[in-house]
Amino acid sequence: MKYVDEFRDRDLAATLAKAIRKEADPARHYYLMEFCGGHTHAIFRYGVQDLMPDNVTFVHGPGCPVCVLPVRRLDDAVELAERHNVILCTYGDMMRVPGTKQRSLIRAKADGADVRMIYSTADALKIARDNPDREVVFFAIGFETTTPPTAVAIRQAEAEGLSNFSVFCNHVLTPAAIGHVLGSPDPRDLEKVRIDGFLGPSHVSAVIGSKPYEAGAELYRKPVVIAGFEPLDVMQSVLMLIRQINEGRYEVENQYTRVVTREGNRKAQDLVASVLELRREFEWRGLGSVPDSGLKIRERYAAFDAEKKFEVSAKVSREVKSCECPAILRGAKKPTDCKLFGTVCTPESPMGSCMVSSEGACAAYWSYGRFRTPAKAEEAVA
Amino acid sequence: MNKMDETVSFRTGSVDMTHGGGGRAMAELIRDLFHRHLSNPILDQGHDAALFGVPAGRLVLSTDGHVISPLFFPGGDIGSLAVHGTMNDVAMAGARPLYLTAGFILEEGFPLADLERIVMSMARAADEAGVPIVTGDTKVVEKGKGDGVFITTTGLGVVPDGVHIAAEKARPGQAILLSGSIGDHGVAILSSRENLEFETVIRSDSAALHTLVADMIHEVPGISVLRDPTRGGLAATLNEIARAAGTGMLLDEAAIPVKPDVAAACELLGLDPLYVANEGKLICLCEAADAERLLAVMRRHPHGADAALIGEVVEDDNALVRMRTGFGGQRVVDWLAGEQLPRIC
C-alpha cells in the first residue's frame with residue numbers, strides 16, 4: 001500500500017530501535033504515556049514494545065473515546081433507543097459497551113430497539129432523510145478528531161430542515177484530560193502513576209494544532225511529542241521524547257509534521273466553535289468530573305440537541321464492582337492488575353469498557369499482548 | 001393452452017404466499033424455475049426424495065445455511081455462494097463432493113426475476129463443479145419475516161482411502177500453507193452494502209475448491225488438516241485448529257498474501273484482513289518436508305496460484321496463534337469476540 005507501507009518499514013524500525021537503545025540511559029527508566037487508544041492499538045498490533053529496550057515502558061492513557069464515556073451517558077443512549085422509539089445511530093465500537101446491569105446497545109437492538117451502526121455522520125443524515133416520520137439520534141462520541149463531522153451534520157440538518165435529526169453530544173477534549181491526569185491526580189494514585197512524557201494524538205492535533213499543549217507542558221514540566229499513528233511514527237516519537245527527557249527539556253514537539261501544524265486546522269476549529277461550546281464540566285470514566293473537558297451543542301442549535309429534545313436519565317447507573325477500568329484509564333494500573341481480567345472479563349463478555357474497544361488497554365492486552373504474561377492470566381483463572 | 005402450461009412471470013412477478021402453499025402456484029414455480037434450471041437425471045425423477053447409489057468408502061455430509069446482505073455482490077451472489085460454501089465444507093474433509101441439496105426460504109414480495117437470477121447462478125456453479133443439486137425444498141414466509149431469500153444447502157461426498165484429515169492432527173513442526181490472498185470476499189461484501197457506497201473493483205473470491213483439494217491429496221495423501229477460512233477469517237480458523245490440536249502457531253505476516261486494494265480498503269475501514277471472510281481459500285497443514293511439493297501443485301491450480309507458506313505449527317500449551325509482524329515485533333492473533341467492529345477515530 002503506497003504511502004502507508006513506507007511507515008511500517010522493518011529496516012527503518014530496526015535502525016530506530018538501535019537509536020532508541022543508544023539514547024536511553026541504562027541508569028534510569030522511562031515511563032511514556034501514550035494518551036490515545038489509537039497509539040495503544042498500534043503499539044500492540046505491530047509489536048512495537050518488542051523493539052523497545054527494557055527501560056522504556058508505555059503507560060496507556062485515557063484516550064479511548066469508548067472507554068472514558070461514563071456508564072450514565074451510555075445508559076441514557078440505551079434509554080433513548082428503548083423508551084423513545086428513536087433510530088439511534090452509533091459508531092460500531094460503542095455497540096458492545098456494557099452499561100448498568102450489562103445492558104449494551106447491541107442487547108437493546110436484539111430486544112427490538114432500532115440501533116444502527118454507521119460509518120459517518122453522513123449515514124445518520126441519510127437515515128433521517130429516508131425516515132421522515134421517525135426521530136433519528138446520532139450518538140456523538142470521540143475526541144476533537146470527530147467533532148468537525150458532528151458540527152457539519154448539525155449545520156447540514158438545519159440547512160435541509162431535517163427536524164427529525166438530533167445529536168446526543170458526548171465529545172471530549174484531550175488537553176483538558178492530560179492536564180487533569182497531571183494536575184489533579186486521584187489521591188489513590190499518588191506514588192503509583194509515573195509519567196515522564198506524553199505521546200500526543202496526532203489526529204486530534206490535525207484539528208487543534210500542537211499549541212494547546214504548550215501551557216501544560218510548561219506548567220507540569222513534561223515533554224509532549226505529537227505522534228503519528230504508524231508504528232515508525234511511534235518509534236520516532238519515543239526517540240524524540242527520550243532526548244527531551246535526557247536533556248531536561250519539556251517542550252511540545254511535532255513528529256507528525258506531514259499533517260500537523262502549531263495552529264491546527266482553523267477552518268475546522270471555527271466550524272466546531274460555531275456549533276459546539278464548552279461544558280463547564282464533563283464526567284469521564286476513571287477521571288471523574290473534569291472541568292472544561294467536554295462539548296455541548298450551542299443554544300442556537302438546541303432544536304438538534306437530543307438532550308433537550310428528549311427526557312432521559314433519572315435512573316441509577318452502576319459500573320461493575322471491582323472493575324479496574326477507572327484506575328487503568330488513569331495509568332495507575334495495568335490490565336493484568338485487575339482480578340476480573342481474563343477471568344470473568346473477556347472480549348466475549350466484557351465487564352468494563354476497556355475490554356470492548358480495540359483501543360481499550362484491556363482489549364489490546366488480551367488480544368495482542370497476553371502471551372507476555374500467560375502465567376498471570378492463568379493464576380487468575382485458577 | 002391450459003392453465004398449467006402458463007409460465008410464471010419472471011419479469012414482473014414476485015413471490016407470494018401461494019408459492020409455498022402446496023397448490024398450483026407452487027408446482028409452477030418448481031417446474032418453471034427450479035427444475036428448468038437445475039435439471040439433472042436424479043432431480044428429474046421428480047420425487048420428494050432423491051434416489052441414488054453411493055460408492056464404497058467413508059461418506060461425509062455437511063450442511064450450511066446462507067444468509068447474506070446484499071444478495072448480489074461483485075464476484076458472486078447468494079446462489080453461487082450456497083453451492084461453493086457447502087461444497088468446500090465437504091472438500092475440506094478431503095472428500096470428493098457427489099451431490100447437493102438446496103432448501104429455499106423465500107420472503108413474500110421477493111422479485112421472481114431476482115430468484116431466477118439466483119437459481120441460474122446456482123445451476124452454473126453446480127454445473128462448473130460437476131456436482132448436481134438432486135433435491136430441494138421451498139417455503140415462503142410473510143413479508144418482514146425474512147430477508148429476501150435464505151438458502152440452506154447440504155453436500156454429500158466420499159473420502160478416498162488413506163486420507164485422514166482432521167484439525168486434531170496438527171503437530172509442532174508442520175507447515176501452514178494458504179492457497180491465496182485473504183479478505184477478498186469480506187471486503188467485496190462490505191463495499192457493496194448501501195451504507196458504505198465504497199467504490200471498488202474488489203471481487204469476492206467465492207469458488208469451489210474440491211478440484212484443488214483433489215490435486216493436493218493426489219500429490220500428498222498424508223495432508224493433516226484442511227480448512228477454509230470463511231467467517232472470522234484466517235485468524236478464527238487457525239485458532240480453531242490450534243485449540244483442537246492443543247498446539248500453537250507462529251505466522252509470518254510478510255508471507256500472508258493480501259491484495260493491495262483489499263489492504264487499502266481494510267486500512268480505511270479500520271479492519272484487520274486476518275479477520276475478514278474468504279469463500280475461495282483454504283489453509284493446509286502438512287509435514288514440513290511436503291510443503292514445497294504441495295505448494296508447487298497448488299500454484300499450478302487456478303485457485304491456488306498465489307499459494308504461500310505462511311508459518312508453522314509450534315508447541316504452546318496455551319494454544320495461542322502468534323505472528324511475527326512485518327514491522328519486526330510479535331503479536332497474538334486472537335479470536336474475535338463477535339463481529340469485527342470498525343474503530344471510531
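These are my notebook entries on the domains of chains A and B and on one helix of chain A, taken from a predicted model.

**Confidence in chain A**

I began with pLDDT. Its mean over chain A is 89, and 94% of the residues in that chain reach 70 or more. I then looked for a weak stretch and noted residues 373-382 of chain A, where pLDDT stays under 50. For these residues the model has 11 contacts beyond four places in sequence.

**Domains of chain A**

I looked up the division of chain A next. Domain 1 covers 5-62 + 175-254, domain 2 covers 67-169 + 264-309, and domain 3 covers 325-381. Between domain 1 and domain 3 of chain A, I found 22 Å from centre to centre, taken over C-alpha atoms. The contact between the two involves 17 residues of domain 1 and 12 residues of domain 3. On the domain 1 side, the elements that give two or more residues are α2 (37-45) and β2 (56-63) of chain A. The largest share, 6 residues, belongs to α2(A). I sorted this side by class and recorded 7 nonpolar, 6 polar and 4 charged residues.

**Helix α4 of chain A**

I checked the length of helix α4 (residues 71-83) of chain A. Its 13 residues should span 18 Å at 1.5 Å a residue, and the 17 Å between its end C-alpha atoms agrees with this. I then examined its surroundings: 11 of the 13 residues of α4(A) are buried, so the helix is largely enclosed by the rest of the structure. Among the buried residues I listed A:Val71, A:Leu74, A:Val78 and A:Leu80, and the charged-class names A:Arg73, A:Asp75 and A:Glu79 also appear there. The cover over the buried residues includes the strands β3 (87-91), β4 (114-118), β5 (136-142) and β6 (165-171) of chain A, together with α5 (105-110) and α13 (306-309). Just after α4(A), I noted that A:Asn85 takes a positive phi of about 55°.

**Domains of chain B**

I turned to chain B, which is divided into domain 1 (3-159) and domain 2 (167-332). Their C-alpha centres lie 29 Å apart. The contact takes 20 residues from domain 1 of chain B and 22 from domain 2 of chain B. On the domain 1 side, α2 (78-91), β4 (96-107) and α3 (112-129) of chain B each supply at least two residues, and α2(B) gives the largest share with 7 residues. By class, I recorded 11 nonpolar, 8 polar and 1 charged residues on this side.

**A record for chain B**

I consulted UniProt, where an unreviewed entry lists "domain: PurM-like N-terminal" for residues 46-159 of chain B. Over those residues the chain is 28% helix and 39% strand, with the end C-alpha atoms 29 Å apart.

Terms used: Residues numbered from 1 in each chain as written. Chains lettered and ligands numbered in written order. Predicted model: local features only at pLDDT ≥ 70, side-chain atom pairs only at ≥ 80, totals over all residues. pLDDT = per-residue confidence, 0-100. Contact = placed C-beta atoms within 7 Å. UniProt positions renumbered as here; feature names shortened; annotations may be inferred. Helix = DSSP H or I, 4+ residues; strand = E, 2+ residues; numbered from the N terminus. Domains from an automatic or database assignment. Expected span 1.5 Å × (residues − 1). Buried ≥ 20, exposed ≤ 12 C-beta atoms within 10 Å, placed from the backbone.
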